[in-house]
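This report sets out the architecture of one protein and the surroundings of its ligand. Please keep the sequence and the structure shown below in view while reading.

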Amino acid sequence: MTMNFFNFVELSHFLIDNYVEKGSIVADCTSGNGFDTLYLCNKLQGSGFIFSFDVQSEAINRTRKILDEKCSYTNYKIIKDSHENIDKHIQEDLDFAIYNLGFLPNYDSQIKTNPKSTINSIKKTLGIIKKRGILVITVYTGHDESEEKNEIVRFLEKIDQNIYLVMNLKLINVNKYPPELFIIQKNAWCNDNPSCIFYYILIYFYKKIQNNAIKKSFQSIFLNNE
Ligand SMILES: C[S@@+](CC[C@H](N)C(=O)[O-])C[C@H]1O[C@@H](n2cnc3c(N)ncnc32)[C@H](O)[C@@H]1O
């Protein structure tokens, strides 16, 4: 069946299909009903490891139940704690992390993610994501007049483009609180392409050169720049 890429859960699962592989270490930073953790569990087929976080018992119970029923592997840990404390629970680097922000559907909508702890958690996760690793974040704009989304944009648009690339997907013709998706990849630029890596090394040395004459000849040789 064709994926509906306007549905960000499906699009996130498409990313899981493409970036999570045997042996990957992954985190579901908001386990909720457990759908994303379940998807990761079935994708990993017993290899690698899944850390799944939620702050409330109801979500932890729902996640545990769906995994017991629908995934026969046990390479996961369901953690009742804020994703803000991700560094206290994970000592390894991550290949993939997923956030589906907001509140638990059909439950207490007052228990929800908030901008401050979300940004703190994203910062920590960026610090432990492996080279080429992916973070995917779905944010809903209806429950808080886009406050959390705006904070995330303000934070992500300033992170170093030489280390992370950030993409923001949104439905621009839907006016009633459409969700938005952020996809972040670490070291996305070169993708191990030798000529690209060579280019970055050149740029690095170019930035270091102070002498104007050397800089000019460097420009004319390597950057086709008079
Ligand atoms: C939209 S639901 C997640 C849906 C889930 N990914 C799924 O596949 O069913 C958002 C969840 O984030 C949880 N949450 C809120 N604040 C959190 C925090 N600081 N750390 C971890 N989870 C949090 C809520 O309890 C809620 O269960």
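## Strand pairing at E1 and E4

In this predicted model, strand E1, covering residues 25-28, runs parallel to strand E4, covering residues 94-100, and 3 bridges join the two. One position illustrates the pairing: Val-26 has Phe-96 of E4 as its bridge partner. In general, the strands of a sheet are paired by backbone hydrogen bonds, in either a parallel or an antiparallel sense.

## The sheet as a whole

The pair E1 and E4 belongs to an open sheet of 7 strands, whose order is E3-E2-E1-E4-E5-E7-E6 and whose pairing is mixed. Strand E3 (76-80) and strand E6 (164-170) form the edges, each pairing on one side only. From one strand to the next, the twist averages 10°.

## Helices packed on the sheet

Helix H2, residues 35-44, packs on the sheet and touches E1, strand E2 (49-54), E3 and E4. The direction of H2 makes about 175° with that of E2.

Helix H5, residues 115-128, lies across E1, E4, strand E5 (129-139) and E6. Relative to E5, helix H5 runs at about 155°. Strands E1 and E4 thus appear in the contact lists of both H2 and H5.

## Surroundings of the ligand

Which residues come nearest to the ligand? Of the 23 residues around the ligand, these are Thr-30, Gly-32, Asn-33, Phe-35 and Asn-100. The elements contributing two or more residues to this shell are H2 and E2. Helix H2, which begins at residue 35, is also the helix that touches E2 in its packing on the sheet.

Sorted by class, the shell around the ligand comprises 12 polar, 7 nonpolar and 4 charged residues.

## Overall organisation

The protein is divided into two domains: domain 1 spans residues 8-186, and domain 2 spans residues 191-226. A distance of 38 Å separates the C-alpha centres of domain 1 and domain 2. The secondary structure of the protein amounts to 8 helices and 7 strands.

Along its principal axes, the C-alpha trace extends over about 70 × 40 × 40 Å. Of the 226 residues in the protein, 32% count as buried. When contacts between residues at least 6 apart in sequence are considered, 70% of them join residues at least 24 apart.

Key. Residues numbered from 1 in each chain as written. Predicted model: local features only at pLDDT ≥ 70, side-chain atom pairs only at ≥ 80, totals over all residues. Domains from an automatic or database assignment. Pairing = 2+ DSSP bridges. Helix = DSSP H or I, 4+ residues; strand = E, 2+ residues; numbered from the N terminus. Axes fitted to C-alpha atoms, helices over the stretch in contact; angles between N-to-C directions. Contact = placed C-beta atoms within 7 Å. Near = placed C-beta within 6 Å. Nonpolar A, V, L, I, M, F, W, Y, C, P; charged D, E, K, R; others polar. Buried ≥ 20, exposed ≤ 12 C-beta atoms within 10 Å, placed from the backbone.
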